[in-house]
Amino acid sequence: MNIVILLGAPGSGKGTVAGKLASENDGLKHVSSGDLLRGAVAKGTAAGVEAKGYMEKGNLVPDALIAQMIKDVVAETTGDVTMLLDGFPRNLAQAKILEEMGAPVKSAVLIDVPDSIIQDRIAGRRTCPKCKAGYHVRNLPPKVEGICDVCGEKLVIRKDDNPETVKDRLVVYHRETEPLITFYREKGLLKSVDGTIGVDNVAAAFLKAM
Ligand code: AP5
């Protein structure tokens, strides 16, 4: 097993690209820290109860809480698999925790999208609460409005996708997560793709870069 880290602002397309590539390529596994946390919140586990307030405000949940979830997924992933790790690490402390896990990081790929595009991306996002497929009302609409193409579930708007929380998430991204770009560049692991060129083109560029 090895790991490809997805870096990028909220709404840059990390989940869209990783979901698409994992569904089209055997041997790629998409692991999203946000989906793990939203799953825990929905189930009402102790971790979910603790995480909920942080997530609704657009803040990072405590490092130890999310690190334990990632450790569990890494431990259960064996064989010839490349894990597309979306949303973790989110700060330097988490990057060090990942190193301590001994998980082999093959590359860290930044999906580069300017802040000016992010609000529109997130305002139009619709998500399937059941299978986690992601859509955009204009850029990537489902075949039937409001219904998931994959599993037929009714699509929802994420609670943290309101304009005020998105502003806060961007502040947190620039302060906490952006330093990881330098961190992985200095290790010779950083790649970057233009995230503004349409989903299929971004996914193809990502696959080449990783
Ligand atoms: P998380 O779920 O990880 O949210 P995020 O990083 O803010 O990223 P998003 O899911 O918002 O965006 P994305 O880049 O996946 O974009 P998407 O593909 O959907 O985290 C949520 C919260 O959980 C955090 O705020 C925090 O509280 C907590 N958390 C998670 N991980 C944590 C950690 N490690 N430590 C601490 N706390 C943590 O695309 C967005 C939209 O754009 C979609 O509608 C899509 O259809 C559209 N789109 C995508 N690509 C394109 C394209 N190329 N062209 C046009 N439209 C596109």
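The questions below concern the ligand site and one helix pair in this predicted model.

Q: How many residues surround the ligand, and which are the closest?
A: The shell counts residues that have a heavy atom within 4 Å of the ligand. In this predicted model the ligand is surrounded by 34 residues, and the closest are T16, S33, N59, R125 and R169.

Q: Which element supplies the largest share of the shell around the ligand?
A: At least two shell residues come from each of α1 (14–24), α2 (33–43), β6 (134–136) and α9 (199–209). By kind, the shell residues comprise 12 nonpolar, 14 polar and eight charged. The largest share, four residues, is supplied by α2.

Q: How much of the accessible area of the ligand does the protein cover?
A: Among the side chains with an N or O atom facing the ligand, that of T16 lies 2.5 Å from a ligand oxygen atom, while that of Q94 lies 2.9 Å from a ligand nitrogen atom. The side chain of R121 also has an N or O atom 3.3 Å from a nitrogen atom of the ligand. Of the 1100 Å² of accessible area that the ligand has on its own, the protein covers 95%.

Q: At roughly what angle do the axes of helix α7 and helix α8 cross?
A: Residues Y173, H174, R175, E176 and T177 of α7 meet P179, L180 and I181 of α8, and the residues of this contact divide into four nonpolar, two polar and two charged. The axes of α7 (residues 163–177) and α8 (residues 179–186) come within 5 Å, and they cross at roughly 35°.

Conventions. Residues numbered from 1 in each chain as written. Predicted model: local features only at pLDDT ≥ 70, side-chain atom pairs only at ≥ 80, totals over all residues. Heavy atoms only, no water. Polar contact = N/O pair within 3.5 Å; in protein donor to acceptor, adjacent residues only side chain to side chain. Areas by Shrake-Rupley, 256 points an atom, 1.4 Å probe, with all protein chains shown as cover. Nonpolar A, V, L, I, M, F, W, Y, C, P; charged D, E, K, R; others polar. Axes fitted to C-alpha atoms, helices over the stretch in contact; angles between N-to-C directions. Contact = heavy atoms within 4.5 Å.
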